[in-house]
Structures are given as structure tokens and as C-alpha cells.
Amino acid sequence: MNKTTLLVLGGIAAIVMWAISVYNGLVTKDEGVKTSWANVETQYQRRMDLIPGLVNIVKGYASHEKETFEAVVNARAAATQIKLDMDDLSEENLAKLQAAQNTLSGALGRLMAITENYPELKANEQFKELQAQLEGTENRIAESRRVYNETAKEYNTEIRVFPGSIVANIFGFREHGYFKSDEQASKAPTIQF
């Protein structure tokens, strides 16, 4: 073999090694996004598991609040119907999930508001424990979503910048969506005295 052939083969080998390295990096970041997503789902499931117990305890004290109970049960059912494929975590799909979860959060908020009218319920140890677990779960959901957004940002940046974008396009890596704040979150509440 002559020098030119060796240089060409060496160049091809270097390009192949570079492409393998970039590909492996993209796969690793994609798996990080999927792991972060699984953590979000775990926290949503934890909340779903707490709701029936909470509703049943409140029902025992406030049985005439039927509309509120139905709203929580229906919102929970709607939220459990939305299943996202880890390979299609698009902005649109995340927005659908987030809307269902926001509806559930609103229904839970109304449920918790009615408990203010029942001091004996608020004193119930099982209720207090479930309420504390639910509050902790809401915090874990927020943190899991933040971590998901961070890992999705790292991955999305990697597949969009040169030269990683070349490998990403060749192998079909797609962007992952982000959780966004609720549109109402940017509006200041109206306070009347």
C-alpha cells in the first residue's frame, strides 16, 4: 500500500470513529431523556395512587360534596387515559398530558378547599398523612419535570449543533418536547379587598 491509500484509509477510519462517538453520545443523551421521562411518569402515578384514598376519607366527612368528588374521579380517569410513547415526546403530546394533569390539579385543589369546612376531617391523622404525601408528590412532580426539561434541552442542543446534527439527521434522532408553564401562570391574580 502506498502512502496515499494509507492516508485515505486513515481519514475514513477517523471519520467512522468520530461518527460512532457522536452516535453513542446521542444515544446516551436520548436515554437520559427517557429516564427523566420515566421519573415524571412515576410521580404522576404516585399522585394517581394517592387520590382514591384521599377522596374516600373526604367522602366520609363531606358526603354531600358529590360534584367535587366526581370532578376529581373524572379528572383522574382522563389523566390516566393519556399515554405517551417515549419515542414521541413532542411539544404537542406533552401539552395534552399537561392539560389533563392541570385539570386534575384543579379538581384536587377544589377537593382540598372543601376540607376547610370540616375541622374534624383536618384533624384526621390518615387525612393529614395523605395530604402531606400528596403535597410531597406535587413537589416531586415539579422537580421531575424540571429535570426532564434539562435533559431534553441537553439532548436537543446536541442534535441541533454542528457536527452532531449531521449524525442526528442520518440516524433519525428527533427533538423531544418540553413541559411549559401554564398560560395562566404569567397573569397576575386579581386581588380584591
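**Exercise 1. A charged pair in H2**

Is Glu-70 buried, partly exposed or exposed, and what is its relative accessibility? Work this out in the predicted model shown above, then describe the partner of its side chain.

*Solution.*
- Step 1: Glu-70 has a relative accessibility of 39%, so this residue counts as partly exposed. The cut-offs behind this are under 20% for buried and over 50% for exposed.
- Step 2: Look for the partner. The side chain of Glu-70 meets that of Lys-66 in a salt bridge, at 3.8 Å from N to O.
- Step 3: Place the pair. Both residues belong to helix H2, where they are 4 residues apart, about one turn of the helix.
- Step 4: Check the partner's surroundings. Lys-66 has a relative accessibility of 56% and therefore counts as exposed.

**Exercise 2. The length and the two faces of H2**

Find out whether the span of helix H2 agrees or disagrees with its number of residues. Then decide which residues of H2 are buried.

*Solution.*
- Step 1: Helix H2 runs over residues 66–81, which makes 16 residues.
- Step 2: At 1.5 Å a residue, H2 should span 22 Å, because the expected span is 1.5 Å times one less than the number of residues.
- Step 3: The C-alpha atoms at the ends of H2 are 23 Å apart, so the two values agree.
- Step 4: Now turn to burial. Thr-68, Phe-69, Val-72, Ala-75 and Ala-79 are the buried residues in H2. They cover an arc of only 135° around the axis, so they sit on the same side of H2.
- Step 5: Look at the face turned away from that buried side. Here H2 carries the exposed residues Lys-66, Glu-67, Asn-74 and Gln-81.
- Step 6: Ask what provides the cover. Helix H1 (3–61) and helix H3 (91–114) are among the elements that cover the buried residues of H2.

**Exercise 3. A buried residue of H1**

Which residues does Ile-51 touch, not counting residues up to four places away in sequence?

*Solution.*
- Step 1: Find Ile-51 in helix H1.
- Step 2: Judge its exposure. With a relative accessibility of 3%, Ile-51 counts as buried, because the limit for buried is under 20%.
- Step 3: List the contacts. Beyond residues up to four places away in sequence, Ile-51 touches Val-72, Arg-76, Leu-104 and Leu-108. Val-72 has appeared before, as one of the buried residues of H2.
- Step 4: Look further along the chain. Gln-131 is 80 residues away from Ile-51 in sequence, yet their C-alpha atoms are separated by 9.7 Å.

**Exercise 4. Arg-140 and its surroundings**

Where does Arg-140 lie, and which residues is it in contact with, leaving aside neighbours within four places in sequence?

*Solution.*
- Step 1: Arg-140 is placed in helix H5, which covers residues 125–160.
- Step 2: Its relative accessibility is 34%, so Arg-140 counts as partly exposed.
- Step 3: Leaving aside neighbours within four places in sequence, Arg-140 is in contact with Gln-43, Arg-46 and Gln-133.
- Step 4: Compare sequence and space. Arg-140 and Thr-42 are 98 residues apart along the chain, while 9.7 Å separates their C-alpha atoms.

**Exercise 5. More salt bridges**

How many salt bridges are counted? Describe two further pairs and a network.

*Solution.*
- Step 1: The count comes to 10 salt bridges.
- Step 2: In helix H3, Glu-92 and Lys-96 are 4 residues apart, about one turn of the helix. Their side chains meet in a salt bridge of 3.6 Å, N to O.
- Step 3: Compare their exposure. Glu-92 is exposed at 55% relative accessible area, whereas Lys-96 is partly exposed at 47%.
- Step 4: Move to helix H5, where Arg-146 and Glu-143 are 3 residues apart, about one helical turn. The closest N and O atoms of this salt bridge are 2.7 Å apart.
- Step 5: Arg-146 is partly exposed at 44%, and Glu-143 is partly exposed at 39%. Elsewhere, Asp-30, Lys-34 and Asp-87 are joined into one network by salt bridges that share partners.

**Exercise 6. An unusual peptide bond**

Is the peptide bond from Phe-162 to Pro-163 cis or trans?

*Solution.*
- Step 1: Recall the general pattern: most peptide bonds are trans.
- Step 2: Check omega. The bond from Phe-162 to Pro-163 has omega near 5° and is cis.
- Step 3: Locate Pro-163 in the loop between H5 and helix H6 (164–171).

Definitions and conventions
Residues numbered from 1 in each chain as written. Predicted model: local features only at pLDDT ≥ 70, side-chain atom pairs only at ≥ 80, totals over all residues. Heavy atoms only, no water. Helix = DSSP H or I, 4+ residues; strand = E, 2+ residues; numbered from the N terminus. Buried < 20%, exposed > 50% of the residue type's maximum accessible area, 1.4 Å probe, protein only. Arc of directions from axis to C-beta. Contact = heavy atoms within 4.5 Å. Salt bridge = Lys/Arg side-chain N within 4 Å of Asp/Glu carboxyl O.
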